[in-house]
Structures are given as C-alpha cells and as structure tokens.
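Visitor: I would like to see how the labels on a model follow from its values. Could you walk me through some of them?

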Amino acid sequence: MVMNQDTRDLQAKIIEILHWDWTARIQLIQREANAVADKMAKEAAMSQHDYVEWLDPQPSRVSLPRMD
C-alpha cells in the first residue's frame, strides 16, 4: 500500500494519541435530567443517515429546554 504524506502524518498523530496517559470517568445523568439531549440522540439513532444536523428546531423539541 502506498501512503502519501497526509496519511503518514495522520498515522503518526494516532500513534501519539494512543500513547497518552488516559484517565476516563463515567458519570450517569438520568434521562429525565437531560431531556433535550436524550430526545436528539433518539431521533439521530432512528435516522438512516451517518450524520444528522438540525438547522431549525422541530416542534417536538421546542418545549424541551424549558423542561430541563
């Protein structure tokens, strides 16, 4: 396989990141405490697209920030 300079630079950066000293923390946030993110995640997961971008809020999401 022939790699160009951009590919080699990306590969070097990935190798560098893999060698970082990582610490991960997981914190549970109840769905009810973050209804907006929960609703958006569910809608995106149900989409048939790899990437979802909403430019205008859907009526079903307009009232959610008030609930949070």
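Guide: Happily; what follows is a short round of questions about this predicted model.

Visitor: Why is the aromatic pair of W20 and W22 called tilted?

Guide: The ring centres are 5.5 Å apart, and the limit for a pair is within 6.5 Å. The planes make an angle of 35°; stacked needs under 30 degrees and edge-to-face over 60, so tilted is the label that remains. By this rule the count comes to one aromatic pair.

Visitor: What makes W22 count as exposed?

Guide: W22 has 56% relative accessibility, and exposed means over 50%. Its partner W20, at 43%, is partly exposed, because that label covers values between 20% and 50%.

Visitor: How do you know that E16 forms a salt bridge with K13?

Guide: Their closest N and O atoms are 3.6 Å apart, and the cut-off is within 4 Å, so the pair qualifies. E16 and K13 are three residues apart in helix 1, which means about one helical turn between them.

Visitor: Which salt bridges lie in helix 2?

Guide: D38 and K42 meet at 3.2 Å, N to O, and E43 and K39 at 3.5 Å. Both distances pass the 4 Å cut-off, so both pairs are salt bridges. In each pair the partners are four residues apart, about one turn of the helix.

Visitor: Why does L18 count as exposed?

Guide: L18 reaches 64% relative accessibility, and the label needs over 50%. L18 lies in helix 1 and, with L10 and I14, makes a nonpolar surface patch of about 320 Å².

Terms used:
Residues numbered from 1 in each chain as written. Predicted model: local features only at pLDDT ≥ 70, side-chain atom pairs only at ≥ 80, totals over all residues. Heavy atoms only, no water. Phe/Tyr/Trp six-rings, centres within 6.5 Å; stacked < 30°, edge-to-face > 60°. Buried < 20%, exposed > 50% of the residue type's maximum accessible area, 1.4 Å probe, protein only. Patch = residues over 30% accessible without salt bridge, like charges linked within 9 Å, V, L, I, M, F, W, Y side chains within 5 Å. Areas by Shrake-Rupley, 256 points an atom, 1.4 Å probe, with all protein chains shown as cover. Salt bridge = Lys/Arg side-chain N within 4 Å of Asp/Glu carboxyl O. Helix = DSSP H or I, 4+ residues; strand = E, 2+ residues; numbered from the N terminus.
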